[in-house]
Each structure stands twice: as structure tokens, then as C-alpha cells.
Amino acid sequence: SRAGSDISHGMPLQSRVAIIAGYGTGISAAVARKFGTEGFKLALLARTRSRLDTAAAELAEAGITAKGYSVDLSNSAAVTAVVAAVHSDLGPINVLHWNPFGKPAGVNSTRDELVADFDTAVTGKPQGLIKEEPTEQRTMATSYITGLTYTCRSWLAGLLSAVQAAQKDLKATRGSVLVTGGGFSLENDYMVQLAVDWPAINLAIAKAGQRKLVHILSKGLRKDGIYAAEVTVLGAVKGTLADPEGKSELTAESIAVEFWALHQKQDPKVWFVYKD
């Protein structure tokens, strides 16, 4: 039955809210539908307003409450503001699903394509996980490489900003931070060569940084009763841009089930699972 299997972590079923950040087709849409059918109200975050309005209407036809929020996930201030808006509109946030996607770039890309300012949330002097004031101070390393791409800013600074903004709610609801990871983040010859050949070196760098951040969040947020984990997707997802011929057997729906299981179990020993 709808929402029947959810332990709800002590929350009334009608009170649970999930943010789907980086909403689009594929994984994020499947996660939205899975959590929605389990009784969550959904906040869909992406740039394109028309896509969000269409998705919210389609979900409403399935009996799922969803509201779209147009936002640039690389803008930390905008992310903080939209999380506050979600809380005001829908209620306390129980799940944050992070699923942005960047434009691939290769080894011959220009500096401007590969290098942009790191958001102050992830550069300069070392900072803690929660409620640290941003700094404009740059390290010696950033005098040579001042940052990565929009991809890194959205996946790293945006994720950290979203977690910080939702921390109070996530703590109160014993919530989950669930992140879509990828095989590009892994340090093995096959994945590195694939990133070079595709080409997608910026995605590989960003996914590796994101994986490290998820691991840190899993440890750092545990004391507040907040669970953090990623599903590391090791193959092309059927029906997405990575599967132009439609031959993949890996479905977005099966990945959504993995995210649901992570949220349900919240096993402190598990901060990632592989899915292929």
C-alpha cells in the first residue's frame, strides 16, 4: 500500500518532504516518483521552469504533491534561499536528494571551460561542515587553479550549502542526504580512460570530489542523527543521454529503489552502494 512500508522515522506520513535537487529525466524523476508514491511531498529543483511545471502536473495526476522551484544549484546563496522556501511552503525537510548533471569536457578544453572560481564554501582555509562563515582567502594551490567548473561548484558547494540550510530539519526528522554518484569517481584505469575518451574529465573530477564530500558528511552529520550516503552508478542508465541506443539494462527505477532502501535502513556502516 502507499507509504505502507515506511518506518517514517517518527514523522506523520503526511508531513514528510523530499527535495529532489537537479530534477530532470532519468534517475531524479524515478527517485521523485518512488518517494512520492511512499507518501512524500516533493520539492523539484532545477533551472528550467517549464520542465518543473510539467513534472509537478504529471506527479499530481498520480496523486503526488509536488512543487517546482527554479534555481541555479551552483549559486550557494540561491540554494540556501530555495531550501528555506521549501520549508515554508511544504514543511520540514526529511530527505535531500542531490542529482545535478554537468556538461562533459575533455583534456583539450580551454581553461575557461575547466577552471572557474571555487565557491567559498569549498576553498580557502579549512572549514567545518556546518554553519561556517565563507572566506575569500585563497591558498597557494588556488593561485594556480582557482577552481573547477560549474559542475564542481554545483555538486560540491551547492550540496554543502543545501545540507547546511536543511540541517535543522534533517536533524529534527532524522533525515537523509542521498546523492547520485558515478563510476567516474573511482580511481581505476578503466574509469579514468573512459573519462578521457568520452570525454568527461570535469565530471570525473567533480564526482570524485563529491564522493569524498559524501563520505565526510556521513561521518560529520552522524552525531546529529542525519544519514548521508550515495548510490554510485557504474553504468549507463537506460533511456538517458548515456544510452543513446537504448541497450542498457540498468534502469532509473532500480536506482530509485536503492535510494529508498538506504533511507529506510540508514545503516551507519554504509555510506555508499554500487549499482550496475
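**Exercise 1.** In this predicted model, determine which ring the charged end of Arg211 sits over, and how far from the centre of that ring.

*Solution.* Start from the charged end of Arg211, which in the model sits over the ring of Phe272, at 4.3 Å from its centre. A further arrangement of this kind involves Lys67, whose charged end sits over the ring of Tyr69, 5.6 Å from its centre.

**Exercise 2.** Classify the pairing of Phe40 with Trp260, and say where along the chain the two partners lie.

*Solution.* Begin with the whole structure, in which a search finds six aromatic pairs. One of them joins Phe35 and Phe40, with 5.3 Å centre to centre and 75° between the planes, an edge-to-face arrangement. Next, take Phe40 with Trp260: the ring centres are 6.1 Å apart and the planes stand at 90°, so this pair is edge-to-face. The pair links distant parts of the chain, since Phe40 belongs to the loop between H1 and strand S2 (41-46), while Trp260 belongs to helix H9 (residues 252-265), 220 residues apart. Finally, Phe35, Phe40 and Trp260 form one aromatic cluster; Phe35 and Phe40 are buried, and Trp260 is buried as well.

**Exercise 3.** Describe the largest pocket by its space and its lining.

*Solution.* The space in the largest pocket comes to about 1,200 Å³. Its lining consists of 38 residues, and those nearest the centre are Ile27, Pro100, Phe101, Thr240 and Ala242. Among the elements that give two or more residues to this lining are helix H1 (27-37), helix H6 (150-173) and strand S5 (176-182). Sorted by character, the lining residues comprise 22 nonpolar, 13 polar and three charged.

How values were computed. Residues are numbered from 1 along each chain as its sequence is written. This is a predicted model: local features need pLDDT of at least 70, side-chain atom pairs count only at pLDDT 80 or more; totals for chains, interfaces and linings use all residues. Side-chain values use heavy atoms; hydrogens and water are left out. On a 1 Å grid over the protein atoms alone, a cavity is a set of points where a 1.4 Å probe fits but cannot get out, and a pocket is an open set with protein on both sides within 12 Å along at least five of seven lines; lining residues have an atom within 4 Å of a point. Grid points are joined across faces, edges and corners, and a volume is the space filled by probe spheres set on the points. Helices (H or I, at least four residues) and strands (E, at least two) are DSSP runs, numbered from the N terminus. Ala, Val, Leu, Ile, Met, Phe, Trp, Tyr, Cys and Pro count as nonpolar, Asp, Glu, Lys and Arg as charged, and the others, Gly among them, as polar. Rings of Phe, Tyr and Trp (its six-membered ring) pair if their centres lie within 6.5 Å; planes under 30 degrees apart count as stacked, over 60 as edge-to-face and the rest as tilted. Buried means under 20% relative accessible area, exposed over 50%, partly exposed in between (1.4 Å probe, protein chains only). A charge sits over a ring if NZ of Lys or CZ of Arg is within 6 Å of the ring centre and within 35 degrees of the ring normal.
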